[in-house]
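I opened my notebook today to look through a protein model and jot down what I found. Come along and check each entry against the picture.

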Amino acid sequence: METGNGTGAARIRRIAAMITTTALLICGCALTSVPAMAQDGMNGTTSDEAVAASQATQLAQTAAEQSTAEQDATEQRGAHQTEASQAGQSAAATDHNTTGQATSQSNASTLVSDAPLNTSFDPQDPNEKSPESIGLGQRIGLGRTGVAKVVALRVDFPDEKFAQGDSLEALQTLIDGTNQDFHPYESLNSYYQRSSYGKLSFTGQAFDYHATHNRGEYNDTSDVTVEALRALDTTVDFSQFDGNNDGRIDLVYMHFAGPDSGWGGTWWSYESNANEGTDIRWQGAVQHRHVALALNTVGGAQTIIHETGHAPGLIDYYSNPTTFTPNKGMNTNDMMNDNIGDHNGFSKWLLGWIDDDHVTRIVVNQDGVTVKRDNADAEHMASVSQAVTSLDYEDMRQQGSIVAISAAPALLGSEGRFSSYYVLQYDDAVGNQSVMSRPMLRLYRVQAELNDSRVFTHSNISSTEAHNQVIELVDMTQAPNHDGSTDLKQGDHINGSTTPSTNFHDLAASGFTGIDITVTSINALGATVAISYNDSGHEIPQAFTITDTLMSRGIIGADAYKLKTSARVAKTDPYSQAILTVNGKDFDVDFDINGDGDIITLDYQLPVGTLTTTSSCSLSCSFTFPKGTFILGIKDGKTVTSERITVPVKVAPWRTSRRPEPTHGMGIIPTC
């Protein structure tokens, strides 16, 4: 929630921004909103997450009151909406006990919603009708702007029923309810209107359905979704749920009864193609994508907001929670990372919520900096002092902005958002970021290149490497005088030689950019940064060596053996291998380099009998790295790689896959 200081600064900033804004889009009408919060976070708890957790506890205690709160708020929105709400409650009171029978909360033909603030449907707008993929390579049914119209199914089973308070009204509230006590996760409608600056709003209809089989008899959530839609198809015209007129239902949500099976299971919250990617045609429209939802109370609101983020094309920004790798995912609060706060500026630029004239693009090289602002012609200068204004406003007629910085001119092109660059983002503790304890200036490292199928070549969830994701926070906790805070502070200076750095992979050998950023001021109006080129950190090592100084105990039958490098390096090819030689026999070995670029870990398992019972002193062993295995740096625009390197290692006196535990009376195993 907002602190006193954060609220005051935000108020000053909003007033100043309103004074300096030359043109505002016209406000259409008030917001609709909805219920709760979710926690599907994959990372550790932060202070901001603690605020969210506190909200979640409060929500749990009041879930049963949400229907009444939503009705009260609806009555205040006007007589015509009150009548629609009462009609919905009447329909919801119909019989819910017949197996295979579907009932609706309100008449689907009388959908009522507030229009979005800043847009009306435009079939020529590529963000509305069948927008292009932005990284997942999927077809999109949900427009990124306009009014999204969705279907929500509440499905129970003969062997699984909903808990008390998990009602049809509560599910409707997730779409377009109004309960300001739980801001900013009141509803899909409220959240996405704020996040998109009024460009995207939601309306929809909730329906009850009683499945014909026990839950375990369905292969997946798509099967029961199809069954429920088939039952509704005789009475519901699904063309009403096609807000962008592309022939597809914008989105189908299916909230199921029974326990959550956990991350990656059959019965958990996720978004996917319907029926393994096959479009299913119902009366009036096609079902294309669906969201399965485990929770309908505390966790449901944040989860449904997160999963809905996938529908227009956003990917997960967290790392795979089932694996242990140096990859930390996005490493900060974000709706597509840990379900907390707003979508970041990079996501909003991808979705078209931030227009190009609100993105300042800066390209840095040895000749100086090139700056492109407000869709004007680019300007060239030795260095630039750049303002970073807020991404967040309570007044949705105002649009946020970001600063993108790169060493490559691709950033200035029409597809510049699909390149590698850094994003400076200033967040006020308002709107969807009201969960923050204070305003923050953050720096993100982005690698958004696409392959021929328009799928991101990098990934947050599947990457096993540190600093090699689509997007990650440049974590300032290791910077001087930061006391554990991850965001930038006044006086911070970051370039190719600092920790952290402006190098991609946080490594000069493979990712040097020359970008130099100094935070010259942070105040109630945002931040000012100085940006220039700096060659610091670009040195190439004169002599590169690898030594056996970390373990020194020798190889065994199977191990993860570590070697030390004399300089921070990167692999030329992520799939390159080393060679382990034992008495003239060669074995290919996979290896990785740690996030700091100076420790090599070789994973191997030798065939049984390779290490014989002869004296370990008589075996000749070594690890060899072929020529060109490592990137040492870049000189005159060309990559400098390593020569062939061989590292002698000995054989441990034991030959098992792990060192034996010492036992009293065994004595000492001799070494060579």
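**Entry 1: salt bridges**

I began with a group of three: Arg445, Glu472 and Asp506 are joined in a network of salt bridges. I kept in mind that this is a predicted model. Searching the whole structure, I got 16 salt bridges.

Next I looked up Arg442, which makes a salt bridge with Asp427, with 2.8 Å between the closest N and O atoms. I placed Arg442 in strand β15 (residues 440-447) and Asp427 in strand β14 (residues 420-427), so this pair ties together parts that lie 15 residues apart in sequence. I checked the surroundings too: both Arg442 and Asp427 are buried.

I then found a salt bridge between the side chains of Asp246 and Arg248, at 3.5 Å from N to O. Asp246 is buried, and Arg248 is as well.

Another pair is Asp395 and Arg397, whose side chains meet in a salt bridge at 3.0 Å, N to O. Are its two partners buried or partly exposed? I read a relative accessible area of 16% for Asp395; buried means under 20%, so Asp395 counts as buried. Arg397 has a relative accessible area of 32% and is partly exposed.

**Entry 2: Val446 in strand β15**

I went back to strand β15, where I found Val446. Its relative accessibility is 0%, so Val446 counts as buried. Which residues does Val446 touch, leaving out those up to four places away in sequence? My list reads Phe346, Ser419, Ser420, Tyr421, Val423, Val470, Ile471 and Phe504. I also noted a distance: the C-alpha atoms of Val446 and Ser406 are 9.8 Å apart, while the two residues are 40 residues apart along the chain.

**Entry 3: the nonpolar core**

I wanted to see where nonpolar residues gather. In soluble globular proteins, nonpolar side chains tend to be buried together. Here, the largest nonpolar core holds 55 residues, and Phe202, Tyr253 and Phe346 have the most contacts inside it. Domain 1 (146-311) and domain 2 (321-533) each give at least three residues to this core.

I picked Tyr253 for a closer look. Apart from neighbours within four places in sequence, Tyr253 is in contact with Val150, Val151, Ala152, Leu153, Leu188, Phe202, Val291, Ile304 and Thr308.

**Entry 4: two enclosed helices**

Why can I call helix α6 largely enclosed by the rest of the structure? I counted 8 of the 8 residues of α6 (residues 188-195) as buried, so the description fits. Among them are Leu188, Tyr191, Tyr192 and Arg194. Just past α6, I noticed that Tyr197 has a positive phi of about 60 degrees.

Helix α5 (residues 168-176) gave me a full count too: 9 of the 9 residues are buried, so the rest of the structure largely encloses this helix. The buried residues of α5 include Leu168, Glu169, Gln172 and Asp176.

**Entry 5: Lys348 in helix α9**

I looked up a lysine next: Lys348 sits in helix α9 (residues 345-351). Is Lys348 buried or exposed? With 0% relative accessibility, Lys348 counts as buried. Beyond its neighbours within four places in sequence, Lys348 is in contact with Ser195, Tyr197, Asp342, His343, Trp353, Ile354 and Leu391. Ser195 is one of the buried residues of α6. I added a distance here as well: 9.6 Å separates the C-alpha atoms of Lys348 and Ser401, which are 53 residues apart along the chain.

**Entry 6: the whole chain**

Then I stepped back to the whole chain. I have 10 helices and 29 strands for the protein chain. Of its 672 residues, 54% count as buried. The chain exposes about 27600 Å², with carbon and sulfur atoms supplying 49% of that area. Among contacts with a separation of 6 or more, 68% are between residues 24 or more positions apart.

**Entry 7: how confident is the predictor?**

I saved confidence for the end. The mean pLDDT of the chain is 78, and 73% of its residues reach 70 or more. Where is confidence lowest, and where highest? Helix α4 (residues 79-92) is lowest, at a mean of 35, and strand β13 (residues 402-406) is highest, at 98.

I marked two stretches in my margin. Residues 104-123 stay under 50 in pLDDT, and the model has 78 contacts beyond four places in sequence for them. Residues 656-672 also stay under 50, with 13 such contacts.

Terms used. Residues are numbered from 1 along each chain as its sequence is written. This is a predicted model: local features need pLDDT of at least 70, side-chain atom pairs count only at pLDDT 80 or more; totals for chains, interfaces and linings use all residues. Side-chain values use heavy atoms; hydrogens and water are left out. Buried means under 20% relative accessible area, exposed over 50%, partly exposed in between (1.4 Å probe, protein chains only). Helices (H or I, at least four residues) and strands (E, at least two) are DSSP runs, numbered from the N terminus. Contact means heavy atoms within 4.5 Å. Accessible areas come from the Shrake-Rupley method with a 1.4 Å probe; for residues, only the protein chains shown count as cover. A nonpolar core is a set of buried Ala, Val, Leu, Ile, Met, Phe, Trp, Tyr and Cys residues joined through side-chain atoms within 4.5 Å. Domain bounds come from an automatic or database domain assignment. A salt bridge is a side-chain nitrogen of Lys or Arg within 4 Å of a carboxyl oxygen of Asp or Glu. pLDDT is the predictor's confidence in each residue, from 0 to 100.
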